[in-house]
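Reader: I would like a close look at one part of this protein, the nonpolar core and what surrounds it. Please keep it brisk, and set the part within the whole chain.

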Amino acid sequence: MKKEFYAIAIDGPSGAGKSTMAKILAANLKITYLDTGAMYRAAAVYATKQGIDVNDRVNVIKLLDTLDIGISYEDGHQTVSLNGEDVSLTIREPWVSMKASDISKIPEVRTKLVDLQRKIAAGKNVVMDGRDIATCVLPDAQVKIFLTASAEARAQRRHAELLEKGNNISYQEVYEDIIRRDENDMNRAVSPLRQAEDAILLDTSDLNIEQSVMAIEEIVKQRGVL
């Protein structure tokens, strides 16, 4: 009998912990994980390195034919390549966050990356996180989760993460970036951030990573996937 593949879509605002939890979930379930946010970050880095403003739609579109993004995993470690160059660390630098949010508003950028995301997800069990996975990229996903937390909780987590990586940035700067990204993501014209009608809302403001992953796994079980 042919195996039926399944998809788990996790959406939510910046700093909600989507990537961290999706990565752990994928490892626990032994399925493929795709970090879509990393792809938009890589696109933003590419435009910036070419001297193109990420809000300059005309010139960003011109770059798309030469944009090549790859994501691979080895021993649980994610490597993001941009035209053959490892940019795994670069895409996590604070300056990239807002640029990624801006470039994602360009319809042609989203079309290119969504097509790539769907191709990666085809024919395998996958967990994918982002802003529009359940609403746009994988609307037929068997499990849809909208992961969120208060802006304060998200800023505290992101700030701690950045400090641990050696980035000297204040909590206030991180908090303001979170607020700006929320506004940007929810009000963009193409595929704005919103909870799919059939997605389950999970607020992790008062949960740690382990508790959050357990809650997600319980939702997956309730959906009859496991």
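Author: What follows starts with the whole chain, moves into the core, and ends at two loop residues with unusual backbone angles.

This is a predicted model. The protein chain holds nine helices and eight strands. Its radius of gyration is 17 Å, close to the 17 Å that the globule rule gives for 226 residues, so the chain is as compact as a globular protein of that length. Along the principal axes, the C-alpha atoms fill a box of roughly 50 × 40 × 35 Å. Of the 226 residues, 48% are buried. Take the contacts with a separation of 6 or more: 74% of them join residues 24 or more positions apart.

The surface comes next. The accessible surface is about 11200 Å², and carbon and sulfur atoms account for 50% of that. The chain carries 29 positive and 34 negative side chains. The centres of these two sets lie 4 Å apart.

Now the core itself. The largest nonpolar core contains 40 residues. Ile69, Ile103, Val109, Met128 and Leu138 have the most contacts inside it. Several elements each supply at least two residues of this core, among them strand E1 (7-11), helix H3 (57-63), helix H4 (94-103) and helix H5 (107-121). Helix H2 (36-49) is on that list too. H2 gives the largest share, nine residues. Apart from this core lies another one, of 20 residues. Ile8, Leu202, Val213 and Val220 are among its members.

Look at Val109 in more detail. Setting aside residues up to four places away in sequence, Val109 touches Tyr40, Val60, Leu64 and Ile103.

Follow one of those partners, Leu64. Leu64 sits in the loop between H3 and strand E3 (69-74). Its relative accessible area is 10%, under the 20% cut-off, so Leu64 is buried. Beyond its neighbours within four places in sequence, Leu64 contacts Glu108, Val109 and Lys112. Leu64 and Leu113 are 49 residues apart along the chain, yet their C-alpha atoms are separated by 9.8 Å.

Ile106 belongs to another loop, the one between H4 and H5. At 5% relative accessibility, Ile106 counts as buried. Leaving out residues up to four places away in sequence, Ile106 touches Val54, Arg57, Val60 and Ile61. Leu201 is 95 residues from Ile106 in sequence, and the two C-alpha atoms are 27 Å apart in space.

Asp102 is a charged residue to check in helix H4. Its relative accessibility is 13%, so Asp102 counts as buried. Apart from neighbours within four places in sequence, Asp102 is in contact with Val54, Asn55 and Asn184.

Last, the two backbone angles. Most residues other than glycine have a negative phi. Lys30 is not a glycine, but its phi is positive, about 60°. Lys30 lies in the loop between helix H1 (18-29) and strand E2 (32-35). With 75% relative accessibility, Lys30 counts as exposed. Asn83 is not a glycine either, and its phi is positive at about 50°. Asn83 is in the loop between E4 and strand E5 (85-86). Asn83 is partly exposed, with a relative accessible area of 38%.

Methods:
Residues numbered from 1 in each chain as written. Predicted model: local features only at pLDDT ≥ 70, side-chain atom pairs only at ≥ 80, totals over all residues. Heavy atoms only, no water. Helix = DSSP H or I, 4+ residues; strand = E, 2+ residues; numbered from the N terminus. Rg over C-alpha atoms; globule rule 2.2 N^0.38 Å. Buried < 20%, exposed > 50% of the residue type's maximum accessible area, 1.4 Å probe, protein only. Contact = heavy atoms within 4.5 Å. Areas by Shrake-Rupley, 256 points an atom, 1.4 Å probe, with all protein chains shown as cover. Charge placed at Lys NZ, Arg CZ, Asp CG, Glu CD. Core = buried A, V, L, I, M, F, W, Y, C linked by side-chain atoms within 4.5 Å.
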